[in-house]
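Hi,

Here is the structure I promised to pass on. My notes on it follow below.

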Amino acid sequence: MAGPLQGLKIVEMAGIGPGPFAGMLLSDLGADVIQVDRPGAAGMSASGDPNDVLRRGRRSIAVNLKNEAGVATVLKLLDAADVIFEGFRPGVMEKLGLGPDLCLARNPRLIYARMTGWGQEGPLARAAGHDINYIAITGALASIGRRDSGPVPPLNLLGDFGGGSMYLILGILAALYERNQSGRGQVIDAAISDGVISLMAAIQGFHGSGSWDGQQRQSNILDGAAHFYDTYQCADGEWVSIGSIEPQFHALLLEKLGMEPLDHSFADQFDKQKWAPLKARIRNIIASKTRAEWCRIMEGSDVCFAPVLSMSEAPEYPHNRARETFVDIEGCLQTAPAPRFSRTPGEIQGPPVVPGANTGEILEEIGLDEAAITSLKEAGAVA
């Protein structure tokens with residue numbers, strides 16, 4: 001193992017989406033993450049698919065949580081853990097006999113992190129949902145998209161991974177820091193909707209000051225309304241991105257586009273009334289050359305320019321190749337650990353784990369002998 005979290009013992013209750021992504025990141029940073037899976041779990045992981053990268057770098061124990069001996073096994077595992085995180089609906093862990101009160105009574109230093117879409121309480125707390133629903137109530141989804149179309153789901157990056165996984169990890173690391181002073185663990189309520197609202201802090205501030213139209217998409221400086229902050233299609237059908245917000249970068253944009261720097265139409269770049277006609281002019285200019293031609297003209301300059309790459313193009317982009325942001329693990333191309341550390345770099349600790357692959361060794365680590373392990377297997381408590 002390597003990374004700044006080396007020595008940290010984390011138990012992950014297997015789930016989907018933001019939980020596995022958080023486990024992947026924590027593992028990449030050096031933590032020993034043990035995933036508690038269901039016996040006979042199906043899906044990509046069950047077949048050992050190397051592309052199931054959210055399960056990489058873990059160990060797995062398969063436990064029947066409907067079996068008393070299985071629950072007792074997880075409790076014993078938590079006695080020596082630093083952190084547990086789970087993504088069930090509120091109350092499920094309590095019904096299983098693994099609620100935070102019981103776990104913290106046994107291990108007062110345990111950090112117990114709970115990941116949900118809506119939070120542990122509130123009118124929606126027990127309702128089903130997915131990323132698109134969680135970001136819908138935050139103001140974020142309504143703000144993304146073109147004026148003449150509906151809101152556009154930003155994949156599941158904003159909710160599951162931005163407002164979810166990242167805030168879960170932030171909470172875990174903050175609680176671990178506080179534990180260094182108090183010696184006590186605590187419970188973390190990480191709701192995706194809370195996290196996305198937090199991510200909207202700057203935009204909410206703009207809206208409060210009157211500088212952001214919160215009723216109409218594509219009406220503001222960062223949502224595709226401004227001629228200097230948008231994507232444009234090139235002669236070959238490919239796209240480029242431009243973000244020339246600062247006046248000096250805007251002036252350079254005009255120069256690179258071959259426009260007169262003193263063109264009175266561009267005298268006040270922040271005049272919203274001029275954005276639409278100016279965008280039309282720039283759109284026509286960009287459409288006159290291919291993406292490769294515009295890259296030769298603008299790439300690497302202070303225009304704040306970049307080509308819009310497909311997922312297959314991104315790994316081959318020179319900057320990404322130079323920084324080795326994509327790595328090949330056993331023939332599977334995947335993202336490299338981030339962020340980077342000068343002394344304790346993270347690393348991918350292994351390929352995606354198959355459910356139950358490490359059951360025996362994990363049981364031995366928590367003090368069970370061969371007879372006890374055999375007994376658990378025969379009882380259907382573990383697999």
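Which residues does I172 touch, not counting residues up to four places away in sequence? They are L26, V83, F85, I111, A113 and I188, where contact means heavy atoms within 4.5 Å.

Before going on: this is a predicted model, so local features need pLDDT of at least 70 and side-chain atom pairs pLDDT 80 or more, while totals for chains, interfaces and linings use all residues. Numbering runs from 1 along each chain as its sequence is written, and side-chain values use heavy atoms, leaving out hydrogens and water.

I172 is also among the residues with the most fellow members in touch in the largest nonpolar core, which has 34 residues; I10, L26 and F85 are others. (A nonpolar core is a set of buried Ala, Val, Leu, Ile, Met, Phe, Trp, Tyr and Cys residues joined through side-chain atoms within 4.5 Å; buried means under 20% relative accessible area, exposed over 50%, partly exposed in between, with a 1.4 Å probe and protein chains only.) Elements giving two or more residues to this core include α1 (18-28), β4 (83-86) and α6 (157-182), and α6 has the largest share, six residues. Helices (H or I, at least four residues) and strands (E, at least two) are DSSP runs, numbered from the N terminus. A second, separate core of 28 residues includes V36, V74, I84 and A381.

Now α1: 11 of its 11 residues are buried, so this helix is largely enclosed by the rest of the structure. Its buried residues pack against β1 (9-13), β2 (32-37), β4, β5, α6 and α7. Just after α1, G30 has a positive phi of about 110°.

Finally, L222 sits in the loop between α8 (201-209) and β7 (229-233), and is partly exposed at 37% relative accessible area.

Cheers
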